[in-house]
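Colleague: I'm new to reading structures, and I'd love a close look at a single part of this one. Could you go through it slowly and explain each term as you go?

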Amino acid sequence: MSDTSTTSMDGVKMAILNNRFEGVTRKMANTLLRTGRSGVLNVARDFSCCVVTAECELLATNEGLPIHVLSGPDIMARYMKEFHPDLRAGDAFLNNSPYHGCSHAADWTLLVPVMDNDGRHRFTVVVKAHQADIGNSIPTTYHGSAKDVYEEGALIFPSTKVQSNYETNADFRRMCEMRIRVPEQWWGDFLAMVGAARIGEREIIAIAQEEGWEELDRFRRDWLDYSERRMIDAIKALPAGFAVHTSCHDPFPGTPETGIKVQAKVTIRPDDAIVEVDLTDNPDCLPCGLNLSEACSRTASMVGVFNAVEHSVPKNAGSFRRIDVKLRENCVVGIPRHPTSTSVSTTNVADRVANSTQAAIAQISGDHGLAECGAVIPPAVGVISGLHPDTGQPFVNQLFLGMSGGAGAPKADAWVTIGHVGNAGLCYVDSVEIDELRQPLYVYSRRLKTDSEGAGKHKGAPSVEVVFGPRDCAFDIGYVSDGAVNPAQGVRGGLSGGRGDQYRIRPDGQREQLDPCAQVTLQDGEKLVSVSTGGGGYGKPSERDPALVARDVREGLVSAERARSVYGVAIDAAGKFNEAETEALRASVPA
Amino acid sequence: MRFACDTGGTFTDLIVEDDDGVCRMFKASTTPDDPVRGVLDALQTAADGMGIDRKAMLSAGSLFIHGTTHAINAIITGRTARTALLTTEGHPDILTLREGGRTEAFNFTIPFPDPFIPRALTFEVPGRIRLDGQEIEPFDEAAVLAVIERLKDEKVEAVAVCLLWSVVNPEHEERVGALLEKHLPGIPYTLSHRLNPSLREFRRASSAAVDASLKPLMGHYMSSLQQRLKDAGFDGRVLVITSNAGVIDAQVAAQAPIHIVNSGPSMAPVAGHWFSLTDEGNDNAIVADTGGTTYDVSLVRRGLIPMTRETWIGEPYRGVMLGFPWVDVKSVGAGGGSIAWVDNGGLLHVGPQSAGAVPGPVAYGRGGTLPTVTDASVVLGHLDPDYFLGGTMSLDRDGAEASIRRYVAEPLGIDVAAAADAILAIATENMVQAIVDITVNQGIDPREAVLVGGGGAAGLNSVRIAQRLGCPTLIVPSVGATLSAAGALMSDLKAEYHAACFASTARFDRAKVNEALAGLRERCDAFAAASGAKGRTNIRYKAEARYDTQIWEIEAPVRSVSFDSAADVDAFVADFHAAHQDLFGFDDPASPIEIVGWSATVTCALRDTDGIRLSEDNVETRNHVRTAYFAETGWIETPVRRFDAMQPDEFIEGPALLENALTTVVVGPGAVATRRSSGGLSIAIGGK
């Protein structure tokens with residue numbers, strides 16, 4: 001056990017050190033979740049914590065949002081080193097620049113170099129947290145129609161030093177307070193981020209004191225190699241193949257009239273243990289906020305791959321060596337040039353990339369991949385702002401009243417509250433009572449919509465319909481809802497999920513359709529109806545276990561008519577399925 | 001005479017305290033088909049052990065304290081009553097949507113959990129209350145009567161009612177309750193605002209749903225328990241352990257069974273606290289209970305047992321939410337039965353798979369083939385194959401060794417002893433991470449706490465755990481093998497009351513808050529008056545509070561029952577900042593504080609002595625030497641001692657193996673074990 005002559009670390013020591021590094025990121029994340037002030041942090045869990053090596057490789061992450069963390073921390077750590085070659089203990093750097101490795105301007109990222117006693121840079125701890133407000137030209141962090149970063153309006157920090165000697169730069173704080181809406185909330189979130197990063201720094205130093213920095217360096221190398229071996233095995237379990245899947249984002253202001261058509265060309269080469277995702281054959285950047293940053297282009301492709309292979313493979317620079325993502329400059333799903341806007345980079349078009357990748361893999365193998373998850377961001381998950389009628393104070397916050405969108409999988413029905421593919425269901429769902437307490441709003445109803453699921457052998461999620469409106473005031477709400485024209489597609493014979501929709505109901509009951517990407521003012525007494533997108537089904541509906549269809553009917557999720565016409569299952573008055581009739585129905589359906 | 005009886009998954013533990021305050025421990029097998037039979041069996045074992053007639057023993061009893069897994073088992077196996085949910089019109093999916101959240105982001109093999117009550121048995125009730133209590137949609141009695149007719153058709157056995165904002169204005173819920181009472185007589189129901197008056201409709205609805213669903217079953221169980229004890233000769237008071245480390249009367253438990261769902265692990269910290277205070281004078285303890293399949297960690301922080309509201313039965317986000325505070329216990333799938341395996345990348349794992357009680361570890365010789373933590377201890381010579389459980393069971397050391405060689409040593413390319421030691425190292429690390437998680441959440445520094453090792457398998461690696469955590473001292477209590485039952489004997493009658501009265505320090509309405517606190521006090525006083533307890537009574541007030549716009553509350557102390565001046569509010573604010581600083585390492589003095597709920601806990605002591613003294617008759621001395629393996633020394637001749645035969649303050653330096661009839665404590669090289677006057681062992685990890 002204590003043999004130090006061999007250069008590679010044994011499976012025991014490695015397991016223990018991995019556990020400890022994961023413990024560090026969990027501790028950081030826990031601090032942030034429990035102390036963050038805005039809903040986007042403490043409800044949506046829209047943050048991530050990770051440890052990057054001195055060589056800028058991703059080593060360990062918390063159970064964070066997939067779209068946040070796979071690629072990006074590595075790029076940001078490289079810029080930190082390039083811009084600030086003289087790193088010191090007590091430094092902290094802020095990066096929210098989509099041109100320097102950040103996902104989008106709303107995802108503030110704090111990087112803290114972990115230094116040894118000799119002043120040598122050993123690791124970097126990274127805390128990324130979506131902000132409630134970033135000083136955009138309109139009160140939303142998702143500015144879908146911004147034609148460039150200037151119209152978007154956010155403050156951009158390309159790896160800017162904000163702490164020296166563990167003290168926050170007071171100029172920086174005053175600048176932010178002059179520019180960011182509800183600055184007290186911003187400052188509370190900033191404190192939570194600093195707290196999380198410093199806990200990570202302290203914990204890594206504590207491990208090093210016990211084990212020695214050289215031992216941690218050995219761990220870094222061997223752990224990444226181990227992770228690569230796991231990924232090699234996972235890819236060898238897939239069949240060889242090539243597939244193209246196309247997924248289209250709905251038309252928004254600034255996009256072509258046909259929307260944004262995204263295609264992923266996926267090649268699986270088990271012999272080389274490589275999965276290649278080629279995104280180069282896609283449109284150029286567009287004059288709107290929907291373009292992807294480089295971090296999101298890479299990460300979205302990788303999310304699609306990791307959703308499709310054995311889920312226990314560690315996600316770090318080691319396993320990433322086996323994914324080859326091909327990007328090009330000035331591509332809507334590639335590497336944007338300044339001043340292209342990437343305001344909505346982590347959700348809408350990124351989801352189309354991840355969905356295309358996992359659906360392409362499902363085309364190649366019926367035991368892998370996923371259907372498409374639903375699209376976002378519906379008004380029930382929009383950013384609301386206004387003046388609070390009880391206090392006269394301004395408020396801004398993102399709601400999380402209702403998303404669904406889960407995709408059918410090879411072996412299971414969808415996880416209903418997946419949110420969107422890049423979130424993977426980590427987001428919490430708001431309590432009606434807490435939302436009504438915190439914001440001057442009123443939730444009239446919230447329910448799953450019957451017959452809106454993506455039918456399949458394994459079904460996709462149904463839509464959630466939320467009806468809400470102001471209480472004793474008017475408020476603004478911003479949202480960017482994709483999925484009304486192009487619903488989440490099923491795979492391998494599975495059908496599409498329900499479409500997104502939103503409309504206003506005036507006090508006299510009159511109904512007014514609302515644009516999918518808008519900043520809307522709701523007057524007192526008006527209601528907004530928000531319908532989330534469902535998820536696609538996996539496999540043919542006619543292959544679904546009729547007993548499960550009967551249960552869906554009893555539960556009011558699927559109507560008896562739909563059970564018959566779509567699933568080929570005959571349900572009797574008692575809610576059971578009729579075996580003979582079902583067999584006959586299914587025999588008559590073309591295969 | 002007093003009895004404390006804890007029915008666990010495998011064993012029913014019993015401690016009998018005679019009128020001189022001397023205790024004796026017994027164990028019998030749990031009988032899942034009829035758990036009361038196992039209770040009576042344990043009582044028989046005790047009577048036999050003490051050489052008296054069971055009826056004579058029971059008729060001398062004044063108090064019977066019971067912990068049961070009956071309720072939690074019913075939830076896990078889905079054997080609860082057919083229950084309906086009545087909820088506000090427009091909001092039928094409270095139990096389906098839950099609070100969102102998911103773990104294992106890339107794992108798509110696990111389907112979305114079904115709601116605890118199916119949508120088919122969920123009914124919407126017209127009427128809507130606003131956050132300020134105003135009615136904006138009227139109640140509709142005819143609609144509720146129509147729902148009740150459907151409940152009859154559906155043959156429901158219990159009903160849960162949860163309407164939005166019922167905690168602010170309960171009128172609609174009360175009216176539903178009255179109609180159920182009148183038109184559905186004999187069917188138990190639960191109103192959410194009465195059971196769990198807290199904000200967040202999902203948690204309140206889930207509380208009500210679980211509670212209602214348990215009423216028929218637990219009502220029957222409690223009656224049966226009382227009747228059969230009575231038939232056996234017991235005429236005293238029957239109390240049941242609650243999930244928040246108190247005890248309540250059996251009939252109260254039958255009326256609100258949700259309170260006893262997690263009665264099992266809640267008593268360990270009560271006992272652990274007494275031992276850490278008595279033996280080490282330390283008010284901070286980490287209390288670990290090692291079972292066959294799980295490792296449960298609870299805490300004592302400055303003399304108090306921290307609670308949590310994240311109360312899932314089963315996995316977080318996939319299981320059932322109780323929505324009720326209980327003793328914060330972190331459970332991980334790591335125990336004596338956890339299986340060791342090497343993955344295809346060459347990494348050693350221990351658990352989460354477990355060999356359980358059947359087939360159990362290879363060494364048990366009951367058909368187990370995969371190596372477990374217990375097998376590792378046997379191979380290393382830490383467990384005596386011929387003296388397991390006091391010699392009542394023998395172990396197959398060769399089998400254990402062959403299994404570790406095949407599944408661990410050969411794949412890793414190391415020898416068997418190193419492999420067995422590695423299994424313990426990984427198991428230790430899993431347990432350490434569980435402790436780190438809960439201590440971080442509750443703001444405790446393990447280096448300033450005592451580690452208390454409870455459970456039959458605690459002694460095997462607790463010294464290593466303490467070492468890794470930097471805990472200077474490990475205690476293994478004399479009653480460690482039946483720690484929960486010991487805690488039950490020491491526990492108080494306890495009730496906790498909640499009031500959802502929202503307040504902010506930015507505009508603090510003292511009169512409104514004082515009214516809520518006064519209401520809580522009245523309920524506490526009434527409880528104490530009716531308790532029949534002779535000892536001291538104590539009431540503590542707490543606030544569930546957070547910084548303005550945070551979402552997760554923390555507990556902050558409330559010093560007295562009324563805020564009489566602005567200075568009282570300032571004192572509360574200071575206490576909150578200190579609590580936040582304690583937990584998270586920073587505070588935000590400029591921020592207002594929001595309080596979403598107030599609670600009062602009343603405890604009434606059941607006896608005037610505290611602690612526990614174990615009988616020391618019939619301890620055999622059995623000192624010898626065994627060859628055992630330690631990573632630091634390799635194979636070494638190691639002294640073996642009966643620790644219940646050691647003198648108070650006698651000490652032994654490691655390496656040593658200290659045993660009693662129910663457990664073995666491995667004292668590694670460098671550590672020093674001392675016998676305490678309480679009867680247990682205190683181990684200084686870094687030596688004297």
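Modeller: Happy to! Let's look at a pair of helices in chain B: H5(B) and H6(B) cross in a right-handed way. Right-handed means that the near helix is turned clockwise from the far one by less than a right angle, while an anticlockwise turn would be left-handed. Before going on, please note that this is a predicted model, in which local features need pLDDT of at least 70, side-chain atom pairs count only at pLDDT 80 or more, and totals for chains, interfaces and linings use all residues. Residues are numbered from 1 along each chain as its sequence is written, and chains are lettered from A and ligands numbered from 1 in the order in which they are written.

Now to the two helices themselves. Two packed helices are described by the angle between their axes and the distance between the axes. H5(B) covers residues 141–153 and H6(B) covers residues 171–183; their axes lie 10 Å apart, at an angle of about 45°. That angle makes H5(B) oblique to H6(B). Oblique is what remains once angles under 35 degrees count as roughly parallel, over 145 as roughly antiparallel and 65 to 115 as roughly perpendicular. The axes are lines fitted to C-alpha atoms, for helices over the stretch in contact, and the angles run from 0 to 180 degrees between N-to-C directions. A helix here is a DSSP run (H or I) of at least four residues, a strand is a run of E of at least two, and both are numbered from the N terminus.

Which residues do the touching? From H5(B) come B:Glu141, B:Val144, B:Leu145 and B:Ile148, and they meet B:Val176, B:Leu179, B:Leu180 and B:His183 of H6(B). Being in contact means that the C-beta atoms, placed from the backbone, lie within 7 Å. By class, this contact has six nonpolar residues, one polar and one charged. Ala, Val, Leu, Ile, Met, Phe, Trp, Tyr, Cys and Pro count as nonpolar, Asp, Glu, Lys and Arg as charged, and the others, Gly among them, as polar.

For a wider view, 62 residues of chain B are in contact with 64 residues of chain A. On the chain A side, H1(A) gives the most, with 13 residues. That side of chain A has 27 nonpolar, 19 polar and 18 charged residues. Elsewhere in chain B, four strands form an open sheet with mixed pairing, in the order E30-E31-E33-E34. Strands pair if DSSP finds at least two bridges between them.

How values were computed: Contact = placed C-beta atoms within 7 Å.
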